[in-house]
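Welcome, and please take a look at the chain below. We will go through the ligand shell, the sheet and a couple of backbone details.

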Amino acid sequence: MFNFFKDKIVAITGGSDGIGRALIEKLIPAGARVSTCARNQDKLYDLQVKFPGTQLHTLVADVSNKNDCSRFIETTIQQFGSIDILINNAGVSMRSLLQDTDVEVIRKVMDINFFGTVYCTKFALNHIIKNKGSIVAISSIAGYRGLPGRSGYSASKFAVNGWMEAIRTELSEEGVNVLWISPGFTRSNIRNAALNAEGEARGDTPLNESELMSPEECAGHILTAIEKRKRTLILTYKGKQTVFLNKFFPSLTDKLTRNFFFKNGKLIK
Ligand SMILES: NC(=O)c1ccc[n+]([C@@H]2O[C@H](COP(=O)([O-])OP(=O)(O)OC[C@H]3O[C@@H](n4cnc5c(N)ncnc54)[C@H](OP(=O)(O)O)[C@@H]3O)[C@@H](O)[C@H]2O)c1
């Protein structure tokens, strides 16, 4: 499976958990050389223990910090010599209404999800152009349809989509594929780690995680889309339905979205 990735050099931000980790767990057996970063050293160490040897490079780095992104890309080049594919996956969500939310929470989400993508892409760009490789962003359905209680998260994912579309056009003569993926609800740590009104991790999930798409299945779809050099990919039935309805029936989708996320005037999801 995924023979396309044999000997490819893939840099993935946020590979220590969830979808990023599932990508690594498919890429290493496929023969790719993989570099990843995240903030939590213990989780990266756990990954190193699972994949000892020279195929995996890890670095503690916070993608909202430009210098950390520079170090991540630099050390990847030192280790493997180049980069073929960059997957901007690191991300954080939020869950609180604007009325209650400190605006610094929105800034933090933008710094990680949007500027983290900008920094890593900018630092890796020349290598990806040279290799006619791929720039990938893990966006969200929230990048097509604003979701209540996640205003900063939605803004960051809309920003990622618009930015990726612009650079796709800039790079259209360079042989670089620019692709963004929009997973639907996928089982991971994202809702536990989502920031509350004060910017702390919420530590709970409002969804039944066992009913969601597995990160392994999500990772499989992502790798297939990269191999096929797709433009965009929207995942899950609910995700596709939301994007479709919002495009053609926006007022109806306002009501459906309100009903999904609120009960008796309270945000329940
Ligand atoms: N799961 C879903 O339902 C879903 C749906 C749509 C889109 N997505 C997107 O999928 C991507 C992956 O999310 P996930 O669901 O796999 O979440 P996850 O399980 O919480 O994993 C997030 C990963 O990103 C890392 N990360 C977070 N902030 C970071 C920072 N500032 N610097 C470096 N690394 C950071 C985390 O490690 P540390 O915390 O140690 O830094 C972790 O490795 C995100 O962009 C998310 O928006 C997820």
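## Around the ligand

How many nonpolar, polar and charged residues does the shell around the ligand have? Keep in mind as you read on that this is a predicted model. Sorted by class, the shell holds 12 nonpolar, 13 polar and four charged residues.

If you would like to start from the residues that come nearest to the ligand, pick out Gly-14, Gly-18, Asn-40, Gly-91 and Ser-188 among the 29 residues around it. In terms of secondary structure, at least two shell residues come from each of helix H1 (18-27), strand E2 (33-38) and helix H6 (190-193). H1 gives the largest share, with three residues.

## The sheet

Now for the strands. In general, strands of a sheet pair through backbone hydrogen bonds, and the pairing can be parallel or antiparallel. Here the pairing is parallel: seven strands make an open sheet, and their order is E3-E2-E1-E4-E5-E6-E7. Strand E3 (56-60) and E7 are found at the edges; each has a single partner strand, so one side of each has no neighbour in the sheet. From one strand to the next, the twist averages 15°.

At the E3 end, E2 and E3 are joined in the parallel sense by five bridges. One bridge to look for links Ala-38 with its partner Val-60 in E3. Helix H5 (residues 151-170) packs on the sheet, where it touches E5 and strand E6 (177-182). The directions of H5 and E6 make an angle of about 160°.

## Two loop residues with positive phi

Next, a backbone detail that you may want to check on a Ramachandran plot. Most residues other than glycine have a negative phi. Lys-132 is not a glycine, yet its phi is positive, at about 50°. Thr-236, also a residue other than glycine, has a positive phi near 70°.

Where do you find Lys-132? Look in the loop between helix H4 (103-130) and strand E5 (134-138). Thr-236 is placed in the loop between strand E7 (232-234) and helix H8 (237-248).

Is Lys-132 buried or exposed? Lys-132 counts as exposed because it has 11 C-beta neighbours inside 10 Å, and the cut-off for exposed is 12 or fewer. Thr-236 has 19 such neighbours inside 10 Å and therefore counts as partly exposed, since a buried residue needs 20 or more.

Conventions: Residues numbered from 1 in each chain as written. Predicted model: local features only at pLDDT ≥ 70, side-chain atom pairs only at ≥ 80, totals over all residues. Helix = DSSP H or I, 4+ residues; strand = E, 2+ residues; numbered from the N terminus. Near = placed C-beta within 6 Å. Nonpolar A, V, L, I, M, F, W, Y, C, P; charged D, E, K, R; others polar. Pairing = 2+ DSSP bridges. Axes fitted to C-alpha atoms, helices over the stretch in contact; angles between N-to-C directions. Contact = placed C-beta atoms within 7 Å.
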